[in-house]
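Me: Please pick the backbone and burial details in this model and give me a close look at them. I'd like a connected story rather than a list.

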Protein chains: 2
Amino acid sequence: MVSQEWQVLIDEKRAQREASIPSQWKIPKRVADKVSPTASVSAFQLLEETDILTKEQREITEVHDATFLLERLATGKVSSQAVTTAFCKRAAVAQQLTNCLTEIFFDEALARARFLDDYLERNGKPMGPFHGLPISIKDMFMIKEQFATLGYVSYLTKPKADENSFVIDILLEGGAVLYCKTTVPQGLFIMEGYSQVFGQTMNPHNLSLGPGGSSSGEGALVSFRGSILGLGSDIGGSIRAPSLCNGVFGMKLSSDRLPYAKQQELFPKGWPSIVCSLGPLAHSARDLSLFCKSVLQAQPWRRDSTAYALPWRELPSKPKLRIGVWSDDPSFPVHPPVSRILASATAKLRDAGHELIMISDAPSLANAVMTACRSFALDTEQAPIKPLRDANEDLHPALEETIAQTFPEGHVPDLSEVWAVNATKEDIREEWAQVWWGNDLDVLICPGSRSTSVPHGKYGPPAWTLIWNLLDFPASVVPYLKADKELDNQPAEDFDPLVAHGAPGSIQIVGWRFQDEEVLQATEIISQALHSQPPTPLKPMLNKL
Amino acid sequence: MVSQEWQVLIDEKRAQREASIPSQWKIPKRVADKVSPTASVSAFQLLEETDILTKEQREITEVHDATFLLERLATGKVSSQAVTTAFCKRAAVAQQLTNCLTEIFFDEALARARFLDDYLERNGKPMGPFHGLPISIKDMFMIKEQFATLGYVSYLTKPKADENSFVIDILLEGGAVLYCKTTVPQGLFIMEGYSQVFGQTMNPHNLSLGPGGSSSGEGALVSFRGSILGLGSDIGGSIRAPSLCNGVFGMKLSSDRLPYAKQQELFPKGWPSIVCSLGPLAHSARDLSLFCKSVLQAQPWRRDSTAYALPWRELPSKPKLRIGVWSDDPSFPVHPPVSRILASATAKLRDAGHELIMISDAPSLANAVMTACRSFALDTEQAPIKPLRDANEDLHPALEETIAQTFPEGHVPDLSEVWAVNATKEDIREEWAQVWWGNDLDVLICPGSRSTSVPHGKYGPPAWTLIWNLLDFPASVVPYLKADKELDNQPAEDFDPLVAHGAPGSIQIVGWRFQDEEVLQATEIISQALHSQPPTPLKPMLNKL
C-alpha cells in the first residue's frame with residue numbers, strides 16, 4: 001500500500017486534472033453519476049444527454065477523418081481554433097465519461113491554434129502535414145513543460161519535461177496542436193486501463209468493458225472522438241489492443257522506424273529484448289498512412305540515432321492481394337464473435353476479388369508467447385515494475401498474474417539465455433517464412449485478440465498481438481462489425497455473449513518485417529473492401545467545412 | 001600441434017588442390033621458385049614471365065570490369081566459355097603465385113559456361129543479371145558438392161555441402177558461373193592470410209606483404225584479376241581489409257541486407273553480438289552497385305528469413321556531395337602514405353566541386369574498438385576459435401594476440417554485460433550522430449587501416465574498419481594511389497617507407513546505417529573524381545569484344 005505522503009500526491013494530481021477542465025465543459029451531475037467501471041452503459045449515449053458540444057463541434061469531431069480535416073485546415077476552410085476547440089471540448093467530455101486523460105493543456109492548445117491560423121494567413125501555406133490538427137499523445141512521450149508520470153505513483157515527484165521526445169518535435173514542426181496526454185495501465189505491462197494515480201479508464205462503447213492497454217487512454221479517447229489522431233506505442237499489443245477494444249484503427253510499425261528516443265524513463269538503455277514501436281490510432285486506414293508517411297518524411301533518423309534510416313517507400317497500386325488467413329490456435333482459442341467476424345471478413349475480401357489462403361499449418365502461438373516472455377525475462381531488473389515497488393504500490397491482479405508468468409519464480413536467466421532466446425526467435429521466424437513465402441502472401445489476417453473487449457481486468461495474455469512484436473512484424477487493426485448476442489451464442493470458455501454484446505469487432509493485418517508500407521497499403525485496401533462505406537461514414541459536410 | 005592423422009589430411013587436401021589445376025596451366029618451375037611469402041616480388045611481374053594466357057585472355061581478364069563484360073555476355077558478343085576459360089586460367093596462375101584458392105572446380109565451371117551459352121542462344125536472352133560471368137566465392141559460403149573447410153584442420157572431415165547458401169542460389173539463378181573458392185585466415189578472426197590447412201596467401205602486388213583478411217583469397221584473386229567479381233563477408237573489416245591491401249574495390253553493406261543464411265558452421269545461432277555482413281570485391285565502383293542491386297532485386301528475404309525485407313532503392317542523381325573527412329585518431333595513428341593519400345583525395349574531391357568538411361571532434365576510436373571487443377567477448381564459447389582447439393592447431397601469433405585482446409583472462413561477461421555493451425554502442429552511435437547530422441554529411445571518408453598492406457602477420461587490430469561493424473554502418477573501399485618511399489619518408493611507429501613502397505593506397509567511404517544505396521552512389525561519384533580515368537583503364541576493346 002502506498003504511504004500517506006504518496007496518497008496526498010495522488011489526490012493532488014487528480015484534483016489538478018479535474019481543475020484543468022473549464023467549468024462550462026463539465027457534464028451535468030445527473031450524467032456524471034451514471035459513470036462507473038461497472039455500469040454497462042455507453043459513453044456515446046451519455047454524450048447525447050449533454051449539450052456541451054455545438055452542432056458544428058459535433059460534426060467536426062464526429063464526421064470526418066484526419067485526412068479530410070487536414071485538407072480543410074491547410075486551405076483555411078476551417079480554422080485550427082474551431083477544430084481545436086471542438087476536440088478540447090470533446091476530450092473534456094471523454095475524460096469525464098471514460099477517465100482517459102493524464103495531462104490536460106487546453107489553453108496552450110488554443111494559443112497554438114491561434115498561432116497556426118495566423119501562420120496560414122501570413123504565409124499563405126500550412127506549416128506542415130499536421131497543420132492545425134489536434135493530436136493526442138500517450139503519456140510516455142515527453143512534451144516540454146508537461147508531466148509524464150506513466151501512472152506510476154513514484155513518478156509523481158518527477159519534474160515536468162524540459163524537452164520534447166523527437167517524435168513530438170516532428171509533430172510540432174509539422175504543425176500539430178497538442179492538447180492532452182492519455183492514460184496507461186499500471187507498469188505499462190497489462191492490457192488493462194487501471195493505474196493507481198489515475199484510476200480506471202473505461203471503454204466508451206460500454207463503460208463496464210476494458211479499453212485495452214497499454215495505450216488505454218488513446219483507445220478510449222480516439223474511439224469517443226475526443227481525438228481524431230493519437231500517438232501510441234506497442235511492445236506486445238499496446239496500440240492494437242486498445243484499437244480493437246475500442247473499435248478504432250491502429251498500426252504498430254517495425255521497430256525503430258519511427259523515432260523512439262527521449263521518452264519518459266522506462267526501459268533502461270541497452271535493453272536486449274523486444275523493442276517498443278510507435279504508431280498511430282486513428283479513424284481511417286488512410287489516416288494511419290498519413291501519420292506514418294508524414295513522420296518518416298521528416299527523416300527521424302537525422303535526430304534520433306536509434307531510428308533506422310529507412311525513408312518512406314511509395315508503392316505501386318495493388319489491385320489484388322494474396323491474403324493468408326490464420327483463424328485460430330489450440331492454445332489461445334478465439335471467442336465466437338472473433339471467429340465469426342474473421343470469417344465474415346474472409347468472405348467479403350474474397351468477394352472483392354482478393355485471393356484468400358487459409359493457413360492450416362501455422363506455427364505454435366504458445367511457443368511464440370513463451371519465447372516473448374523469456375525475452376522480457378532477460379530484464380532481470382524488471383524495469384517497468386521497479387517504479388511500482390519504489391512507492392510500494394498494490395499490484396493490480398492482472399499485473400500480478402503477468403509478472404508471475406513473465407518472471408517465474410526461480411528463473412534466473414544468464415548470458416546463454418540471450419543466445420537461446422535469439423535462436424528460438426529465429427526458428428519461429430523461419431517457420432513463419434515457410435508459411436509466408438510458401439504461400440506467396442502479401443499480408444496475413446488474424447485475430448487481434450482471442451476476444452472482443454472484456455470486463456475490466458480480464459484481458460489476459462495478449463498472445464495474438466505479442467507474437468508480431470517478437471518477430472518484429474508490422475501489424476494493424478481494422479475495426480469491423482460488433483459482437484452480437486444472437487449470432488455469437490455458442491459456448492466458449494470465459495465467454496458470455498450477453499457481456500460481449502455490442503463490443504467492437506476487428507481483424508488484425510500483419511506484414512513481413514519492414515514491410516510497413518505494404519501493411520499500410522493493405523490496410524487501406526482491406527478496409528475499403530470491408531466497409532462498403534468507410535467505418536466512420538463521411539456524411540455530407542456542413543457548408544462551412 | 002596437430003596430430004599425424006590430421007597432418008595426413010592436410011597433405012591430401014593440398015595435393016588435391018594442386019591436382020585440380022590442369023598441367024598445361026602450371027607455371028614454369030623457374031617462376032614458381034620465385035614465389036615465397038618473404039619474396040618482395042610482384043605477381044603481376046611474374047605473370048609476364050609466363051605465357052599461359054593468350055592475348056585475348058589477358059584482355060578479357062585485365063581490361064574490363066564486370067559491368068562491361070556482362071553487357072557483352074548478355075548480347076552474345078563474347079561467350080561465357082571464353083570468359084570462363086580466361087578467368088579459370090588466370091585463377092590457376094593466381095593460385096600458383098599467391099596461394100589464394102581453397103576449392104577449384106574449373107570443369108564444372110566450363111560445363112556451366114557452355115550451358116549458359118546455349119541458354120542465351122536458345123532463349124535469345126540472358127538468364128539474369130550475372131549471365132555467364134565467373135564469380136569467385138569466399139570459402140565460408142556453401143556451394144553444393146564443394147567443401148567448405150574455412151581453413152580449419154578439424155573441418156577437413158566435414159562432408160561436401162549438400163545445398164547452397166541462399167546468396168549462392170541467387171547468383172546461380174542470375175546466371176553466374178562459379179569456379180573457385182578462396183582462402184580465409186586461421187579462425188577467420190585476423191586480418192592475415194594464413195591458415196594451417198592452406199598455408200600463406202600472398203599479396204600479388206608484393207608477395208612479402210599480407211593480403212589482409214578474412215576475405216584474404218578474394219583480395220588476392222580479384223586484385224590479380226583471377227576474378228572480376230568476388231563475394232566476401234565482413235564482421236570487422238574482412239571485405240575492406242583485403243580490398244585496401246590488394247588495391248581493389250570492396251563494399252560491406254548494413255547487416256542482414258544481403259542474405260547470410262546457410263553458410264558453413266561458424267557463428268552459433270542466436271549470436272547476440274556484431275552481425276557479419278556480405279558484400280562484393282570488384283574492379284570498379286559501378287560493379288559494387290551492380291552486385292548489390294542485382295542480389296537485392298532477387299528479394300533475398302523471401303528465402304532467408306534473417307534478411308531484411310528492404311528492396312533496392314534507386315536514388316536521384318547527386319551532383320555534389322557533403323563529405324566529412326576523418327583523417328586521424330590518437331590511439332590508432334595512421335602511417336604517412338595513408339595520411340598523404342587521404343589528403344590528396346580530399347583535395348581532389350574539393351577540386352571536383354564537392355564540399356569537404358574536416359571532422360576535428362570525432363568520437364574516440366579506441367572506445368569503439370574496445371566496445372567491439374566486449375561485444376565479441378559475449379561469445380564465451382569463442383565460437384570461431386573452438387574448431388582450432390578441436391584439432392589442436394598451433395595458433396598464428398597474430399591470432400594469439402587477438403584472442404588475448406578480445407577475451408582477456410578473467411573477463412567473464414554475464415547477462416548485464418549485454419545491456420552494457422548495447423548501451424555503450426548506442427552512446428557511440430549518438431556521438432557519431434552529432435558529427436554526422438550536425439555537419440549534414442552525405443558520407444564520411446576516412447582511412448580503412450592505419451597502414452597500407454604490411455608484411456605478413458603485422459596487420460594489427462582493424463580499428464578503422466571494425467568501428468563501422470560495431471555501428472552497423474555501410475562502408476566501401478576505393479583504391480587510390482600507392483605508398484611511395486620518396487613522398488612518405490616521415491618517421492612513424494611500425495613504419496618503414498621502403499617496405500611500404502608500391503603498396504596500394506585507398507580511402508574508406510562510410511554511410512549512416514541502412515544508407516547502403518547512398519554509399520554505393522557516393523562510391524561511384526568519389527571514384528570518378530579520384531580517377532581521372534577509372535582505376536582500371538577501360539582501354540579500347542579488341543574487335544572481338
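Reply: Buried means under 20% relative accessible area, exposed over 50%, and partly exposed in between (1.4 Å probe, protein chains only). The model is predicted: local features need pLDDT of at least 70, side-chain atom pairs count only at pLDDT 80 or more, and totals for chains, interfaces and linings use all residues. Residues are numbered from 1 along each chain as written, chains are lettered from A and ligands numbered from 1 in written order, and side-chain values use heavy atoms, without hydrogens or water.

Let's start in chain B with Thr67(B), which sits in helix H5 (residues 66–74); helices (H or I, at least four residues) and strands (E, at least two) are DSSP runs numbered from the N terminus. Thr67(B) counts as buried because its relative accessibility is 12%. Once you skip neighbours within four places in sequence, Thr67(B) is in contact (heavy atoms within 4.5 Å) with Arg286(B), Asp287(B) and Leu290(B).

Next up is helix H17 of chain B, residues 463–471, where 9 of 9 residues are buried. Among them are two tryptophans, Trp464(B) and Trp468(B), along with Asn469(B) and Thr465(B). Right after H17(B) comes Asp472(B), with a positive phi of about 60 degrees.

Positive phi turns up in chain B loops too. Asn392(B), not a glycine, has phi at about 55 degrees; you'll find Asn392(B) between helix H14 (386–390) and helix H15 (397–406). With a relative accessible area of 45%, Asn392(B) is partly exposed. Then there's Asp440(B), where phi is near 55 degrees, in the loop that runs from helix H16 (415–438) to strand S11 (443–446). Asp440(B) is partly exposed as well, at 35% relative accessibility.

Now for the cis peptides. In chain B, Gly213(B) and Ser214(B) are joined by a cis bond with omega about 0 degrees, and Ser214(B) is in the loop between strand S5 (199–200) and helix H9 (216–223). Over in chain A, the bond from Gly213(A) to Ser214(A) is cis, omega near 0 degrees, and Ser214(A) lies in the loop between strand S5 (199–200) and helix H9 (216–223).

Staying in chain A, Gln186(A) belongs to the loop between strand S3 (177–182) and strand S4 (194–195). Gln186(A) is a loop residue that's buried, at 0% relative accessible area. Beyond its neighbours within four places, Gln186(A) has contacts including Tyr194(A), Ser195(A), Glu393(A), Asp394(A) and His396(A). Thr54(A) sits 132 residues away along the chain from Gln186(A), with 36 Å between their C-alpha atoms.
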